[in-house]
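This report looks at three places in one protein chain: a strand and its partners, a charged side chain, and a pair of cysteines. Please keep the sequence and the structure at hand while reading.

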Amino acid sequence: ATIRRTEPTAGSGDSARRFGTQRVLVEPDAASGVAVMKFKNPPVNSLSLELLTEFIISLEKLENDKTFRGVILTSDCPRVFSAGLDLTEMCGKNPAHYAEYWKAVQELWLRLYLSNLVLIAAINGACPAGGCLISLTCDYRILADNPKYLIGLNETLLGIVAPFWFKDTLVNTIGHRASEQALQLGLLFLPAEALQVGLVDQVVPEDQVLSTALSVMARWMAIPDHARQLTKNMMRKTTVDRLVKQRDADIQNFVSFISRDSIQKSLQMYLEKLKQKKG
Ligand SMILES: CCCCCCCCCCCCC/C=C/C(=O)SCCNC(=O)CCNC(=O)[C@H](O)C(C)(C)COP(=O)(O)OP(=O)(O)OC[C@H]1O[C@@H](n2cnc3c(N)ncnc32)[C@H](O)[C@@H]1OP(=O)(O)O
């Protein structure tokens, strides 16, 4: 994917010069050092290999540009933050594809979880499974107060299992017992429940999600970068190292698990159910 620059919005000068790729829009504000990164992979921002790749490229570009210290992750698609991993990437394909796909999923999580940037999730839509994982890698989560916007790691509802590093990320956020129950039951939390269990940090009216994210960002960016980054690293490195030490084994584990006939059947059935839902 190539990074494309789009024309700055009228009267906005350089700081609003947007760039990005087909599926990831980046609205940088150099004056504040904050960029808003919007997923644009309609209809549901499913995390396809292309979106993952573009996401990693755009994140790396922002991390390498010292103008930016904070990034707000949000959705350009209505009603959905991200539907999680793209199910079509995990069924009906071949082991080589599964391995390539999973490597990209690992890569995105590794880069987000240890990012030196302040990352804030402005969750303006449904946030299941892989979408929830992305929000969990952030330093702070704001969820729109809409009962349709459920959030959680619901993998067991599909007959699959969240890998250990998904689990670790959830445990680091809401604790062991709450994670144990949420993962086994594949819980999707309503906004008020997500707030109560600590899955999100704030629940605000839908039209205040981005403005709230911008004001929270200002608070986090008031902390000296180096001290904050060292602290974040201290908190998260053990979790990250667990995957780094066994990335290839994790890929092989994924490929053999996802290739099982029973798992393929579960995923196909789940996809069918999603499509029937519309009928
Ligand atoms: C311990 C030992 C073993 C360990 C082994 C570990 C190995 C690893 C195991 C496997 C990996 C686990 C990690 C997986 C993580 C995931 O993210 S799996 C994906 C889970 N996602 C979901 O369950 C969400 C499914 N989608 C929805 O619930 C809804 O779509 C929505 C997000 C709430 C939006 O609803 P709505 O606006 O009504 O849109 P829909 O009509 O439902 O969908 C529109 C079209 O999009 C398609 N679609 C939806 N979600 C996905 C998706 N995730 N991937 C691909 N496509 C998706 C949907 O089918 C519709 O398609 P069309 O009908 O063609 O329009």
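The paragraphs below take up these places in turn.

## Strand 4 and its partners

The model is a predicted one, and within it strand 4, which spans residues 34-39, is mostly covered, with six of its six residues buried. The covering applies to both faces of the strand, since Val34, Val36 and Lys38 are buried on one side, and Ala35, Met37 and Phe39 are buried on the other.

Strand 4 has a pairing with strand 3 and another with strand 5, and these are set out in the table.

| Partner of strand 4 | Sense | Bridges | Residue opposite methionine 37 |
|---|---|---|---|
| Strand 3 (residues 24-29) | antiparallel | six | valine 26 |
| Strand 5 (residues 70-75) | parallel | six | leucine 73 |

Methionine 37 is thus a useful residue to find on screen, with valine 26 as its bridge partner in strand 3 and leucine 73 standing opposite in strand 5. The chain travels from strand 4 to strand 5 by way of helix 1 (residues 49-64), and the resulting β-α-β crossover is right-handed. Strand 3 and strand 4, for their part, form a hairpin in which four residues lie between the two strands, and glycine 33 in that turn has a positive phi of about 75°.

## Aspartate 250

Which side chain of opposite charge is nearest to aspartate 250? That side chain belongs to arginine 247, which is 7.0 Å away, and aspartate 250, although buried, has no salt bridge. Because a salt bridge requires a side-chain nitrogen within 4 Å of a carboxyl oxygen, the distance of 7.0 Å to arginine 247 does not qualify. Aspartate 250 is placed in helix 9, which covers residues 247-259. When residues up to four places away in sequence are left out of the count, aspartate 250 touches Trp102, Gln106, Pro163, Phe164, Trp165 and Leu243.

## Cysteines 132 and 138

The count of disulfides comes to zero. Cysteine 132 is in no disulfide, and the nearest cysteine sulfur, that of cysteine 127, lies 5.3 Å away; a disulfide would need the two sulfur atoms within 2.5 Å. Cysteine 132 counts as buried because its relative accessibility is 0%. Cysteine 138 is likewise in no disulfide, with the sulfur of cysteine 127 as the nearest cysteine sulfur at 9.2 Å, and cysteine 138 counts as buried because its relative accessibility is 1%.

Conventions
Residues are numbered from 1 along each chain as its sequence is written. This is a predicted model: local features need pLDDT of at least 70, side-chain atom pairs count only at pLDDT 80 or more; totals for chains, interfaces and linings use all residues. Side-chain values use heavy atoms; hydrogens and water are left out. Buried means under 20% relative accessible area, exposed over 50%, partly exposed in between (1.4 Å probe, protein chains only). Lys and Arg count as positive and Asp and Glu as negative; His and the chain ends are not counted. Contact means heavy atoms within 4.5 Å. Two strands pair if DSSP finds at least two bridges between them. A crossover is right-handed if, with the strands pointing away from the viewer, the path from the first strand over the helix to the second runs clockwise.
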